[in-house]
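Hi,

Here is the structure I promised to pass on. Have a look at it first, and my notes follow below.

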Amino acid sequence: MQEQVGKAPLATLTADDEARRLIEGLHQAAEAISGATSVHEICQSLAGHFNRLVRADRTVMYLVDQAQQAITLGVGAGHVTETDLQMTYAEFSSGISGLVVRSGQPALSLSADDGVEPEATRKRRIQANAGALIVAPLSVKGEVIGTVTTMNQVSQRPFTPQDVDALMTLATLAATAIQNVRLFEETQAANRVLARRALQLETSSQVGQQITSLLDLDALLTQVVHLIQTHFNYYFVGVWLVADQPEAVILRAGTGRTGDDLRGERLPMSTASIVVKVCQTGRPRMEADVRHALDYLPLAHLTEAQAELAWPLRSGEKIFGALDILSDQVGAFSADDQVLLQTLADQIAIAIRNAQLYKAEQHRRYLAEALEQAGRELISNLDLREVPRRILEQLATVTPYERSQLILLQGEELSVVSWRGFPDEWQGGGIAISESDTYRQVLESGRPVCVAEAAGMAGWAPGQGSAVNIAWLGVPLIVKDRVIGLIGMSRTEAVFTPQEVTLASTFAGQAAIALENARLYDETARFSELMERMVENRVTELHEAMDILERLDKTKSKFIEVAAHELRTPLTLVKGYGDMINAYPAAKDPEIQPLVQGILAGSTRLHEIINSMLDVAKIDSQTLNMRRAPVKLSKVIHPIVTGLEPALQERRLALTVTGLDDVPLMMADIALLHKAFWHLIVNAIKYTPDGGSINVSGNVIASDPEEAAVEVVVRDTGIGIAPEHQKLIFEKFYQTGEVSMHSSGRTKFKGGGSGLGLSIVKGIVQAHGGQIWVESPGYDEAHCPGSQFHVLLPLALTV
Ligand code: ADP
């Protein structure tokens, strides 16, 4: 009893203490969990509190997702071993915990043999030396989210229903707290997602802006990769583009110094690489851990890469590259990232397409301008030695090449007339065209020929200095449907594209015209040079001839002078003696008289001739002694007419004089004028057939008092003068030759003369400052068109 009584207060005390302890424990637990922000943290803390609350050996807490059939968290307190925590969902639900989860009620089992523990897990409990245990559900609004299991070892104290109550009280608290923290965590996560989405949208919009504002492809891509990298802090962002010839994927832009270093990196299509694969298949690739990707290609300097995401860049069906992102964290790319990158990749693809179109357009315009400019340059140059060199120079601005030759067809040979890009020691020269020669192909077809591997080209000789160049293009030079040669060009880098072939051919058309122009110009220049030389020669010859003529003329003048002087003395003697003979009475003898008269007439005529010769000599030596005095022209003409009256009558010629009385006095040498008009009137008589008429007219021409002149015209109805003689008859000794019959009579029709008359007239007229010329329709003895001799004497010398 004592024992009982003694025990009872102890028990009561113990019960009270126990209740207080439990309440305190619950209080502490509630405090501890109130500040927790993570589920793991709160569970870890709770496990300790559960353990202490019921003074258990160990406590294990599980959170489960029934829908997913998964244990989402397992934490423990006390003497928990690793095996206690390593429980699969199957083991969990087949044991006592499964019962609790399904019923929502706590379970108390004091030993493995009390029948509460299902058989499936009983063995495990025995092996773990577990004695009493309580499993309490963690439930919120009727849903069980986990369990808490407290255990003691076989030898330790068994749990009581109070322990169960206490556990359940704390479990209810715990479940609510866990749920709150979970909700908090979910909200946080949702916020993070929203923030990331906002960032993604911003990036996307910025990329969009860049795209519309930048048309320079390289600048655009560099901007885009940097934008993506700075917004999402990826390890590396790059854009790879597919190149056609040869097929490869080339890095066009990349972030950071690595990006700069790697720009231009070329991956042939045969390379095992995620990027190459994406470009080939057009399917995006996401590698959460690149160590597991067989075709991951580690690039130099990018050693930290852990995950890769590559998205194809496409325009319609065509894949022209990939957006490539590397992260230095395994599993870095979320589903959201992928959506964003797809959007970005699509935008970038459009931008690249636009930039490429713009660039292509720009390129086309540049080429058109270059072509025009080159053509203009060429056409403006006409130097045949210069043009071939300029052609090759201009060609480089239209179609890039490393080496070129301008080859012209000369007979059956090809001759390299200009070359560019060859080693200094290369000297050009001739090329023989063999049957299968590629050159021959260009020349015969008149079409361009493009060779990808020039070294294997027929007729290719390393000696031609082009062995290093692999791609060759030959374009014909055509002038008026005739191939005159070709331009050959080669380079190492890439084969000539169809566009380049077209351009080079168009250019060659202009080049051929330029060559032809220069050739024609050269020919013309050479011809005119030749002509000039010929003219020069002729001029020299003419000068020489004139010298000779002048010398001859001088000799002639000298001869006339000498002859006249030499003849005058003996003639004077002849005439003197003739006169003396005539004075003798014997001369009156009818038989002697005509002889004496003949001698006298002959010597008078000879005298006249000698006088004429002396006149000519004076005129030639400009020693005409002019004695000017006021002269009335009619006073000159009338005595001549009177003197010639017998001849006019004999020849039945009518001579009229008109207008002379109105001519004012003029300062002139009356004797010389008499001589001049005497010759003109005698000629008119001589060259006019019997019965004709002669007119001498005077007329004052006074357009300007200073230049006033008198024009005397001696007209006849004679045989006329042929145009080709009209100038020459004024030269001394010149006779037309049409006067064949020379009669000795001075005024006989076509009577002979010395050919000196008109040259004396001209000399006298010119000595008076006047002019003389003849007008006649021509020479015709049958119809007698007549002649008009015009003498113009200036009146400025009028008295
Ligand atoms: P000539 O003494 O021979 O007459 P001129 O010097 O006086 O020498 O004349 C030269 C030539 O001009 C003549 O031979 C003649 O053929 C031609 N001639 C001169 N005057 C006339 C004329 N009035 N009608 C036709 N022919 C003329």
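Cysteine 784 sits in the loop between β23 (771-775) and β24. This is a predicted model, so treat what follows as features of a prediction. What caught my eye at cysteine 784 is its phi, which is positive at about 45° even though the residue is not a glycine. Most residues other than glycine have a negative phi. Cysteine 784 is also buried, because its relative accessible area of 18% is under the 20% cut-off.

There is a second case of that kind. Arginine 55 has a phi near 50°, again a positive value in a residue other than glycine. Arginine 55 belongs to the loop between α2 and β1, and it follows α2. Is arginine 55 buried or partly exposed? With a relative accessible area of 41%, arginine 55 counts as partly exposed, since that value falls between 20% and 50%.

Now the ligand, which is probably what you want to load up. There are 20 residues around the ligand, and those that come nearest are Asn683, Tyr687, Asp716, Gln735 and Leu758. For polar contacts, start with aspartate 716: an N or O atom of its side chain is 2.8 Å from a nitrogen atom of the ligand. The backbone takes part as well. A polar backbone atom of glycine 755 is 3.0 Å from an oxygen atom of the ligand, and a backbone N or O atom of glycine 757 is 3.4 Å from a ligand oxygen. How much of the ligand does the protein bury? On its own the ligand exposes 530 Å², and the protein buries 97% of that.

Which elements give two or more residues to the shell around the ligand? They are α17 (670-686), α18 (757-767) and β24 (787-794). Of the elements, α17 gives the most, with 3 residues. By type, the shell splits into 9 nonpolar, 9 polar and 2 charged residues.

Phenylalanine 730 is worth a click too. It lies in the loop between β22 (709-716) and α18, and it counts as buried because its relative accessibility is 7%, under the 20% cut-off. Phenylalanine 730 is 27 residues from glycine 757 in sequence, while their C-alpha atoms are 8.2 Å apart in space. Leaving aside neighbours within four places in sequence, phenylalanine 730 is in contact with Leu758, Ser759, Lys762, Ile772, Trp773, Val774 and Phe789. Leu758 turns up again here, as one of the residues that come nearest to the ligand.

Back at the other end of the numbering, I checked α2 (39-53). At 1.5 Å a residue, its 15 residues should span 21 Å, and the end C-alpha atoms are 20 Å apart, so the two agree. The buried residues of α2 include Val39, Ile42, Cys43, Phe50 and Asn51.

Asn51 also appears in the surroundings of aspartate 57, a residue of the loop between α2 (39-53) and β1 (58-65). Aspartate 57 is buried, because 7% relative accessibility is under the 20% cut-off. Which residue does the side chain of aspartate 57 pair with in a polar contact? The partner is the side chain of histidine 79, at 2.7 Å. Beyond its neighbours within four places in sequence, aspartate 57 is in contact with several residues, among them Ala77, Gly78, Met151, Asn152, Gln153 and Gln156.

Cheers

How values were computed:
Residues are numbered from 1 along each chain as its sequence is written. This is a predicted model: local features need pLDDT of at least 70, side-chain atom pairs count only at pLDDT 80 or more; totals for chains, interfaces and linings use all residues. Side-chain values use heavy atoms; hydrogens and water are left out. Helices (H or I, at least four residues) and strands (E, at least two) are DSSP runs, numbered from the N terminus. Buried means under 20% relative accessible area, exposed over 50%, partly exposed in between (1.4 Å probe, protein chains only). A polar contact is a pair of N or O atoms within 3.5 Å; within protein, one must be able to donate a hydrogen and the other to accept it, and residues adjacent in sequence count only if both atoms are side-chain atoms. Contact means heavy atoms within 4.5 Å. The expected span of a helix is 1.5 Å times one less than its number of residues. A residue is near a molecule or strand if one of its heavy atoms lies within 4 Å of it. Accessible areas come from the Shrake-Rupley method with a 1.4 Å probe; for residues, only the protein chains shown count as cover. Ala, Val, Leu, Ile, Met, Phe, Trp, Tyr, Cys and Pro count as nonpolar, Asp, Glu, Lys and Arg as charged, and the others, Gly among them, as polar.
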